[in-house]
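Subject: Handover of a structure, with notes on what was found

Dear colleague,

I am passing on the structure below, together with an account of what came out of going through it. Please have the sequence and the model open while you read.

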Amino acid sequence: MTDSPDQPSGAGVPDSPYLPDEVVAQDGVGVPDPFMRLWTPHRMAYIEGENKPTSDEAGSGCPFCRLPGLPDSDALIVHRGAAAYAVLNLYPYNPGHLMVVPYRHVADYTELTEDEVADVAALTRQAMQAIRTVSGAHGFNIGMNQGVIAGAGIAAHLHQHVVPRWSGDTNFMPAIGHTKVLPQLLPDTRALLAKSWPSEP
């Protein structure tokens with residue numbers, strides 16, 4: 001059912017260039033108001049624990065162990081290095097949010113080999129360059145959550161987050177609505193970043 005004549009689309013927001021052609025109202029929601037709702041049901045998968053391993057063991061139960069065995073487009077892998085790979089986060093904080101993950105199933109940064117440390121560092125630097133090329137990021141949050149107590153969603157397999165930031169990206173949506181608005185589908189983001197990934201020196 002569309003808005004009634006006495007409650008036109010975008011009521012309360014005259015001459016807005018962002019109004020949709022048609023606003024659909026669901027029966028039974030109560031008195032219409034001038035607000036539009038942005039639904040992000042994909043976040044429920046994360047909240048309910050989808051894709052989280054049930055054990056700390058390596059193997060197919062760990063998504064970071066399983067992803068390298070899939071095609072890049074299916075796994076959302078942006079780039080593969082010698083000892084680690086870069087993959088988009090399925091539940092991104094910002095567009096282009098990716099993770100650098102060692103192939104080896106290891107939990108703690110101190111357990112990485114020198115080659116793994118070097119590859120994680122190199123891929124992190126390359127990820128920053130690719131993201132800047134694609135989207136002109138103003139800055140980055142880069143880091144690892146070591147252990148469940150520190151907030152790691154998959155604590156058994158180390159992963160470093162690379163989160164691009166822009167001026168004004170923390171606005172009322174995440175601060176009040178606990179919702180991030182992502183303007184691009186993940187496969188499209190993966191393709192752009194993979195195409196712009198810098199050549200290794």
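Which residues does Phe64 touch, not counting residues up to four places away in sequence? Phe64 touches Tyr85, Met99, Val101, Ile154, His157 and His159 on that count. Please keep in mind throughout that this is a predicted model.

To set the scene, the secondary structure of the protein comes to six helices and five strands, and from the N terminus on these elements run α-α-α-β-β-β-α-β-β-α-α. Buried residues make up 34% of the 201 residues in the protein. Among the contacts with a separation of 6 or more, 59% are accounted for by residues 24 or more positions apart.

The core

Phe64 comes up again in the largest nonpolar core, which has 29 residues, and where Phe64, Val87, Leu98, Val162 and Trp197 touch the most other members. The elements that give two or more residues to this core are β1, β2, β3 and α4, and the largest share, six residues, comes from α4. As general background, nonpolar side chains tend to be buried together in soluble globular proteins.

The strands β1, β2 and β3

Strand β2 pairs with β1 in the antiparallel sense over three bridges, and the two strands form a hairpin with three residues between them. Within this pairing, the bridge partner of Arg80 is Tyr85 in β2. Strand β2 also pairs with β3, again in the antiparallel sense but over five bridges, and there the bridge partner of Ala86 is Val100 in β3.

As for how β2 sits in the protein, the strand is mostly covered, with five of its five residues buried. Ala84, Ala86 and Leu88 point one way from the strand, whereas Tyr85 and Val87 point the other way, and all of them are buried.

Just before β1, in the loop between α3 and β1, lies Leu76, which has a positive phi of about 65° although it is not a glycine. With a relative accessibility of 8%, Leu76 counts as buried.

His97 and its surroundings

Is His97 buried or exposed? This residue, which lies in the loop between β2 and β3, has a relative accessibility of 6% and therefore counts as buried. Not counting residues up to four places away in sequence, His97 touches Leu88, Asn89, Pro92, His161, Val162, Val163 and Pro164. Val162 deserves a second look in that list, as the C-alpha atoms of His97 and Val162 are separated by 5.8 Å although the two residues are 65 residues apart along the chain; Val162 is also one of the core residues that touch the most other members.

The side chain of His97 takes part in polar contacts as well: it reaches the backbone nitrogen of Tyr93 at 3.0 Å, and it makes a polar contact with the side chain of His161 at 2.9 Å.

Helix α6

In helix α6, which spans residues 186-196, Thr189, Arg190 and Leu193 are buried. Seen down the axis of α6, its buried residues fall within an arc of 100°, so they line one face of the helix. In general, an α-helix has 3.6 residues a turn, so residues three or four places apart point the same way. What covers the buried residues of α6 includes α3 (72-75), β1 (77-80), β2 (84-88), β3 (98-102) and α4 (114-135), so that the three strands described above appear here once more.

The cysteines

Why do Cys62 and Cys65 not form a disulfide? The sulfur of Cys62 has its closest cysteine sulfur in Cys65, 3.8 Å away, which is too far for a bond, given that a disulfide calls for two cysteine sulfur atoms within 2.5 Å. Seen from Cys65, the closest cysteine sulfur is likewise that of Cys62, at 3.8 Å. By this rule the count comes to zero disulfides. The two residues can also be told apart by accessibility, since Cys62, at 1% relative accessibility, counts as buried, while Cys65, at 23%, counts as partly exposed.

With best regards

Terms used:
Residues numbered from 1 in each chain as written. Predicted model: local features only at pLDDT ≥ 70, side-chain atom pairs only at ≥ 80, totals over all residues. Heavy atoms only, no water. Buried < 20%, exposed > 50% of the residue type's maximum accessible area, 1.4 Å probe, protein only. Helix = DSSP H or I, 4+ residues; strand = E, 2+ residues; numbered from the N terminus. Arc of directions from axis to C-beta. Contact = heavy atoms within 4.5 Å. Pairing = 2+ DSSP bridges. Polar contact = N/O pair within 3.5 Å; in protein donor to acceptor, adjacent residues only side chain to side chain. Core = buried A, V, L, I, M, F, W, Y, C linked by side-chain atoms within 4.5 Å.
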